[in-house]
Amino acid sequence: MLDHLPILQVIVPLLAAPACLLLNNARLAWLFACLAGLISLVISVALLVQVQQSGVISYMLGSWEAPWGIEYRIDLLSAYVLLIISSLGTIVLLAANTGIRQEIAADKQSLFYVLYLLCMAGLLGIVATGDIFNVFVFLEISSLATYALVAFGRDRRALLAAYQYLIVGTIGATFLLIGIGLLYSMTGTLNIEDMANRLPVDTNSGTVYTAFIFMIVGIGLKLALFPLHLWLPNTYTYAPSIVTAFLAATATKVAIYLLIRVQFSIFGADFGGELIQPIFIVLGLLGVFVASTVAIKQSNIKRLFAYSSVAQIGYMIIGIGIGTSLSLQGTLLHLFNHALMKGALFLALAAVVYRIGSTDRTCFNGLAKHMPWTMAAIVIAGLSLIGVPLTVGFISKWYLVLASIDSGMWPVALLIVLGSLLAVYYVWALVESAYFGKADASATSSAPIKEAPLGLLIPLWLLVIANVYFGIDTRLPLEASASAASFLMGGGQ
Amino acid sequence: MNLSPELLIQLIILLPLVAAAGVVLSHRHPNIREAISLTIASSVFILVFLLYRQIINGETALVHWISILPGLNVSFKTEALSVLFALIASFLWIVTTLYAIGYMRSHHEQNQTRFYSFFAISIAAVMAIAFSENLFTLFIFYEVLTLATYPLVTHAGTEKAQKGGRTYLRILLGTSIVFFLPALIATWAIAGNLSFTVGGVFADDTPSLWLAILLVFFVFGIGKAAMMPFHRWLPSAMVAPTPVSALLHAVAVVKAGVFTLMKTVVFIFGMDTVGELITTDFLLYLAAFTILASSLIAMKQDNLKARLAYSTISQLAYVSLGVLLASEAGLLGSSMHIAMHAFGKITLFFCAGAILVVSHKTEISQMGGLGRKMPITMIAFFIASLSIIGLPPTGGSWSKYYLLLGSLETQHWVLMAVLMISSLLNIAYLLPIPIRGFFPAKSTVSQASDGSEAIQGSETIQEAPLPALIAIIITTLACVLLFFFPQPLFELAKMVGVAP
Amino acid sequence: MYYDLYNYWMVIILMMIGLYIVIKPSNLIKKLIGLNIFQTSVFIFYISVGKVSEGTAPIFSSTHSVYSNPLPHVLILTAIVVGIATMALALALVVRIKSAYGTVEDDELQEQDH
Amino acid sequence: MVVTALAIVRVSDLFAAVMLSGIYGLLSASFFVALDAVDVAFTEAAVGAGIFPLLMMLVLGVTGRYEKTKLVPIKADVVKKLALVLALLVTGALLVFGTLDMPIFGAADAPAQQHVNIRYIQQSPTEIGIPNMVTSVLASYRGYDTFGEVLVIFTAAMGVLALFSSQLFSQVTASKNKAKNEMHEHNVLRIVSKMLIPFILLFAFYVQFHGEYGPGGGFQAGVIFAAGIILYTMLYGLDKARQVIKPTVLRVLCALGVFIYGTTGVVSMLAGGNFLDYSVLANDPVIGQHLGILVIELGVGITIAAGMILIFFAFSQQAETQLGEQ
């Protein structure tokens, strides 16, 4: 069975989804989904170990060899991202049973798990596959599931957000499709590796350039690259909190993965270098500053962290833009680290919503007294977001700054650190009101607010501890990201 | 006792954390809680003292904890300056704990458990800073210290405390993120090594312009050294309860700042390098400006703690100046001044706190005639003031002497003049307080008697609670003793920057 | 020779018309129609790539030897299904939006939430 | 086609727009035939000119037929519009630029025709043993994509169910909305359709199993089957249709199709091949391929048909409730 791990990684959650539908009982469906999640987590760990030991794993679906059939291709990068998705997806799933109780009608809950698993499987499929059209198909599976998940939100604006996201997402996917079509017409293949080999060495081909731009823009829409990010705040704000935690921790990460894959694996690290790299850096920096500034002003905390996500995506884009092995490592580290901190933050918000029903800033006044564990989690994850030492956030900032200094881009380095100063502002305003703010008289008159239930707290603290643990013992993400980065830069292993 | 220095270092760092845990666990029993604090504080001091004996005998130690990033380790090492700093901090921790018991109880502060636990964590961070083997480790605990002291600053929870806390955090985190961190990473990128090394880590062919810029970044980045224009956090932090102000903002936090600066100049850049950089002069004059400007501001402050805060800023700049002089005497003076100022300033703060607890007075103009009610406190205040000014028979005179010598050696006449003028200013803003306390001006007396029962009328005013009083006496005695017996500190300070 | 590419250009014009309908603020349903046009034009583009002059439908028979490329056909079959699935979901959203807001006009929806 | 598309831009009667897009679908279908893509044409006809307009109409019934038009164009809008058009022109120009270096339309020596394609054309009849190369590629070489496609429909069906009220599955609803079934009155239509429906269903089965030889296959069959049921629903009303095919059963069927497909993959894995490697299903690889394709096409058909009907049911149910509320 060990040979089949790559495909099992995807089809376990994929086939668990219809099974959940047949169970038709929310609690059973949850248990089953968790089981599927755990299995896929175990598989992804096994895959990472396998790749580290014996190099790229290639799995031919239907036993048709690569360019003819669809290939599953697990290299270091995909194994690393698979691990992020399956672990974060599973941890958030653990919290879902409690987390959705207040937000989703009881008769829809089993459907929720079906869609959740589909979404997760779709994301895993995007990462595992070595075939560019297959990417499109799985992208759509996960996207469709996402739209539906977002629409679960209680606020009617969730519907509008989902619609908006659907339109943008579909345009993005179709752009990707155009890019794929153009590339196919130039190479006659859909396999990523084969395509890279067959791409005309003479990169002056306008078709190839156009394909590149369309793919980048299409993916940019999906990952909320700075000027294309407008769908994200609404989506994150109005989706059920669990869904937000899941999306923030995984979906954008997969889009980043895709961007890296397209840029480095298909077109090669140097393709369009002079043109695209400054654009990435500028867009990334703009994203960091504009989104952070907007975040400071938000009164809805969920929206605040949504904008902060846009800003954090900016950091990852900067790393891609600098385009050295070191900066890419920074991006990959931030991929993992940001998943940890945003997962934790949104889960904490889920806990707040569970008890209070809102994430408005005023609700947080004095909340630390009533929900000490939840708030402590927000503090630690917030520190990580700022990039304080001994948390994961520090590690990725370190690499990004180091990379920009290493490439002689001093201003970029300074701007990166200035960006985290903005994070201090928006995180600390929240911490302050939670610990020192005075609760409204109206809030205190009602029944006292209790700490969130364990069903939410345990997954939440798992993530918080991970935030600190991987900030101190950095070996696992560091090794994986370093070898993945050098692999992408063509240094081999 | 034959404990290995490796074990000692780790115990010194970990014991305060144990204290923090103990404090939290015993939060229902104030007596046990404070007994734990005191016991552990004393044991830490004893351990540091043992370490001192060892380093005098030439024994050093290196402890490696974990490697966070490849080549970047969290590790600790004994070294003269470290021991000096640790010795002062741990000794004053005992005294402060003693003082805090009296102060906090009679002042009926809320959340005392939170207070003692974060206090202990801060001490742990200070110890870790002191023994850091490299700049990376130092940076980590520098940040930890900032965050651990934040709840102490905002302890009161009032609007004012929050605002102070915000400024505190904003400036300290801000400078360290914007200047310190990039400088740190750049150093790593250029030199590939962050270990404190005698003579510096940079290769000889490193462009000196880069180094010059880096030096500016470090000086500004180490916000805890309160160099202008990044000094405002210190007055803001005065909203904290007095023991916090005393230990953290006269000793631990600010001294961690100048300590970091010294470490950086001596062991990252190397003294010789710093002497040659083009920005050094600029920074020297900035320090001189800070000395004068903050002394002048201090004169205008009526709030006693605020005046002391600005005095601290000025005194810190002395240390920075001494370091940047990059001469042996300057360094010696700076090292000594860390110690001397610590004892002097903590005494002043203790007195201020005692006055606050007993008479609820915070403004200097209200303190006329207080000396008759609280003679011991006021005498202590007077002696400590002498030490800050640098007059015999107090320890402060030694450090001032060496600082002057340093500026003389390097022929910085302007700086020398600044030091002299500043001493005069010190006299002008410190001495009037005890003088008024004992010999109230006529107007003050009449005001007081007219206005209310402020001083004369209230029979309740007497000396501070006993534990606090003992603390005050200890530190005052130390100020005097250090004049007559400066040898131990002197020996340590002389070892700083000398290759083992 | 550019004449030989006219087929692609027509497709591009269609694409842009579709995209215009999608992006222009208007009725939510109309946007979906535009999305449909946009996607369909991409399908045509793919199929055009697969066309071989003189070729026939790629079903093996003894009378033909030149076939058009079957691969784009397969891809587009999949894409059509994806498209209709997206449409179904989008329409479901529109129906819900109608019941929640009472309108499906872009600008009116914007007003209601501010 | 361009004319149709432009007409859609202008027209504000959404009903007309839907009809036009139906025509657009038909036109593109005929275009596909001209480009030798018969399978695609078949599907596009069923989807673009069938399912899509049908769903649209249902929705229009709820949301209203006319698009609101602004009487006075606001200046800011004009600027926005111009910017939009400009952006589109740039995008279009980029694409045109992209096509300049593309192989000539219909060229047999284009890279797309050269590389992977050759094996599909030359060897699939012998490797897979069926003449329709599209089916070979679809079901075997790129069978996994098709699995994904089935899942997309499954996901969409689940999404639609998640969005709409779960009334569909409760037995008691039987809403008495009289206006809903105007077609009850058209007796001729009813009788003709009643005669037609069995044929449609029969045709669906034909398409299902004929896919290997001519155009067709599970997807098209599923759509046609669904169309038959939908026709029935339109004639007799949702309540009656729900009695014939229970939504709960549909839900199970929808999942079942996915399972059939997935299980085929797993079974081939257990039999020693890779996922979806049909060759190991029988002693003779070609027979194995045959068998595998047959089974998975069945899975596709079931999921598609069940999914489509489910989506349709959900829409009509929702439409009824919402119209009832209004």
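This is a short tour of where chain D meets chains C and A in a predicted model.

Residues are numbered from 1 along each chain as its sequence is written, while chains are lettered from A and ligands numbered from 1 in the order in which they are written. Because the model is predicted, local features need pLDDT of at least 70 and side-chain atom pairs count only at pLDDT 80 or more, while totals for chains, interfaces and linings use all residues.

Select chains C and D. Their contact (C-beta atoms, placed from the backbone, within 7 Å) takes 77 residues from chain D and 69 residues from chain C. On the side of chain D, helix 3 (residues 38-63) gives the most, 15 residues. Helices here are DSSP runs (H or I, at least four residues), numbered from the N terminus, and strands are E runs of at least two.

Next, add helix 2 (residues 28-50) of chain C to helix 3 of chain D. The two axes (lines fitted to C-alpha atoms over the stretch in contact, with angles from 0 to 180 degrees between N-to-C directions) come within 12 Å and cross at roughly 175°. The helices are therefore roughly antiparallel, the term for angles over 145 degrees. Residues to label include C:I29 and C:I47 on one helix, and D:V40 and D:T63 on the other.

Now select chains A and D. Here 50 residues of chain A are in contact with 50 residues of chain D. Helix 5 (132-151) of chain A supplies the largest share of the chain A side, eleven residues.

Key:
Two residues are in contact if their C-beta atoms, placed from the backbone, lie within 7 Å. Angles under 35 degrees count as roughly parallel, over 145 as roughly antiparallel, 65 to 115 as roughly perpendicular and the rest as oblique.
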